[in-house]
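Please look through the structure below at your own pace, first as a whole and then residue by residue. The explanation after it is meant to be read with the structure open beside you.

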Amino acid sequence: MLKRVLIGLGAIFMVVVLIAGIILFRTFTFGGNVEVQTVELADVPDFNGEEIAKRLSTAIQIRTQTVSAGDPRPGQEGPWLEFREFMTSSYPELFNTAETNLIDDHTVLVRWAGRDETLDPILMMAHQDVVPVNMGTMDDWDASPFSGAIQDGYVYGRGTMDDKGSLVTILEAANALVASGYQPTRTIWMLFGHDEEVSGSGAQSAVDYFERENIRMEMVLDEGFFVIDPFPLTGSAVALIGIAEKGYVTIRVTARAAGGHSSVPPRNSAGVQLAKAILALDENQVEADFTKPPISQMLSAVAEDMPFTQRMAFANLWLFRGMVEGEFAKSGEANAIIRTTTAPTMMAGAVKENVLPQQATALINFRLHPNDSIESVLQHVRDVTSEIDGVTSDIAEASGIGSEASPVSPTSNRAYAVLASVAREASGGAPVAPALVLGATDSRWTTEISDSIYRFVPTVIPSSDVGGMHGTNERISIENLERMARGYAQIMVGMSSE
């Protein structure tokens with residue numbers, strides 16, 4: 001009897017040792033397999049952050065604010081006209097050299113011709129418009145949001161990060177290169193959309209122009225990510241390069257039931273059934289997947305910089321998946337990285353407080369992960385709510401917004417290598433990781449003209465400042481403005497010299 005017990009304990013011990021060995025082996029061999037070419041960055045002109053800050057300050061004071069699709073409305077174009085004059089007068093070397101076109105009246109398209117027209121060009125993107133400032137928050141700003149105040153080493157104001165800072169420093173880079181006598185081998189296009197924050201129709205029309213002219217881009221670069229310090233998974237700086245962005249769809253969930261007077265409510269009224277459907281969708285999220293890019297590549301790229309326990313968990317998802325998903329689910333931002341998100345936003349029912357509606361509706365907004373599609377998410381909604389009486393689901397076409405998630409761009413080409421090299425220099429050697437952009441950018445329209453679409457700004461942003469985008473105290477440091485201009489110049493030279 002004792003012998004059998006000892007043999008059993010020995011077998012259990014061997015299994016434990018084997019499992020521990022597998023866990024440790026997978027932990028120590030996890031990561032580091034994102035192959036990136038090495039690119040030597042060219043010398044570029046020097047930039048003066050103080051001078052850039054003054055020009056950005058002027059740009060911030062021009063209120064190119066969009067609220068809804070179709071902005072600016074007839075008679076409200078003044079700020080866009082003023083902003084266009086600001087660009088051409090502030091960067092004369094570029095605009096006297098390059099060809100400029102207007103698309104949809106206010107989107108600016110700049111073509112800086114290269115020496116070799118047989119090479120596919122590159123496209124640098126930013127947008128002119130900004131979001132409004134939330135009512136009642138003006139007093140929470142350290143400087144008035146449209147003042148462009150320069151104080152304590154920062155430029156303050158709506159658009160400093162999203163996205164006039166990028167637009168101004170792209171122009172700084174190009175203007176300085178022209179002034180230095182540089183001419184690209186490969187043509188450089190610059191696209192400055194006028195309504196990215198509401199519909200992106202200007203950028204979409206510009207892409208339509210490229211398609212009509214049969215112009216295909218070697219690389220597209222837009223806003224999206226940057227060097228964030230610290231990055232939550234590592235506790236230190238990481239340069240994130242967006243290689244894909246989420247899609248967007250809104251699904252209308254409708255519950256139908258007998259209406260009537262609220263004094264004699266039946267069980268399972270339309271409102272109750274709708275509530276059940278919303279709760280079911282919240283409790284049964286679209287499945288997460290850690291095995292495909294961009295998340296798989298991001299985890300691999302930063303694995304060596306993770307604390308040991310985190311690295312062990314990601315390396316052994318076969319054992320720790322539930323725990324990892326639970327931790328991601330605690331943060332809205334983290335949860336959005338790994339799955340299509342589910343967000344009930346608008347609900348409607350009866351027209352009066354004492355009336356039971358015959359029909360109650362909810363709009364559920366989904367931000368699509370590249371693993372999913374509009375059709376698969378609609379099917380998910382229908383599957384989850386299939387046993388709730390009277391509930392149907394369909395695409396809310398009236399929202400006017402809808403797009404699949406973008407394709408995932410490669411990390412093995414020269415374009416990514418140049419961006420990674422710029423990111424490393426800008427950050428002082430931080431690891432570089434591909435990532436998924438959670439919002440929508442104008443680059444979503446460019447998938448028909450390029451396979452290499454990236455979303456990165458060569459700047460180092462403290463994690464505490466990220467909330468300023470679309471929020472309070474949006475600002476950019478003068479040091480970052482100099483870093484951005486230099487980085488954009490390096491990208492232009494690195495991508496357009498061969």
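The paragraphs that follow go from the whole chain to its cores and then to single residues.

What you see is a predicted model, and its chain holds 14 helices and 19 strands. The radius of gyration of the chain is 26 Å, close to the 23 Å that the globule rule gives for 498 residues, so the chain is as compact as a globular protein of that length. If you draw a box along the principal axes, the C-alpha atoms of the chain fill roughly 85 × 75 × 50 Å.

Turning to how the chain is packed, 52% of its 498 residues count as buried. Among the contacts between residues at least 6 apart in sequence, 82% join residues that are at least 24 apart. The chain exposes about 22,200 Å², and carbon and sulfur atoms supply 52% of that area. As for charge, the chain carries 35 positive and 63 negative charges, and the mean positions of these two groups are 8 Å apart.

Which residues touch the most other members of the largest nonpolar core? They are Met-124, Met-190, Phe-192, Met-219 and Ile-491, in a core that has 99 residues. Helix α14, which covers residues 478-496, gives the most to this core, with 10 residues. Apart from this core lies another one, of 22 residues, with Ile-251, Ala-255, Ala-270 and Ala-362 among them.

Phe-192 deserves a careful look, and here residues up to four places away in sequence are not counted: the residues that Phe-192 touches include Met-87, His-106, Leu-167, Ile-170 and Leu-171. Gly-193 lies in strand β6, which covers residues 188-193. Is Gly-193 buried or exposed? Gly-193 counts as buried because its relative accessibility is 0%, and the cut-off for buried is under 20% relative accessible area. Leaving aside neighbours within four places in sequence, Gly-193 is in contact with Thr-107, Ala-126, His-127, Gln-128, Asp-129 and Asp-442. One of these residues, Asp-129, is 64 residues from Gly-193 along the chain, yet the C-alpha atoms of the two are separated by 7.7 Å.

Another residue to find is Thr-58, which has its place in helix α2, residues 49-61. With a relative accessible area of 37%, Thr-58 is partly exposed, since this class lies between the 20% and 50% limits. Thr-58 and Ala-149 are 91 residues apart along the chain, and their C-alpha atoms are separated by 9.5 Å.

Note on methods
Residues are numbered from 1 along each chain as its sequence is written. This is a predicted model: local features need pLDDT of at least 70, side-chain atom pairs count only at pLDDT 80 or more; totals for chains, interfaces and linings use all residues. Side-chain values use heavy atoms; hydrogens and water are left out. Helices (H or I, at least four residues) and strands (E, at least two) are DSSP runs, numbered from the N terminus. The radius of gyration is taken over C-alpha atoms; the globule rule is 2.2 Å times the number of residues to the power 0.38. Buried means under 20% relative accessible area, exposed over 50%, partly exposed in between (1.4 Å probe, protein chains only). Contact means heavy atoms within 4.5 Å. Accessible areas come from the Shrake-Rupley method with a 1.4 Å probe; for residues, only the protein chains shown count as cover. Lys and Arg count as positive and Asp and Glu as negative; His and the chain ends are not counted. The place of a charge is taken as NZ of Lys, CZ of Arg, CG of Asp or CD of Glu. A nonpolar core is a set of buried Ala, Val, Leu, Ile, Met, Phe, Trp, Tyr and Cys residues joined through side-chain atoms within 4.5 Å.
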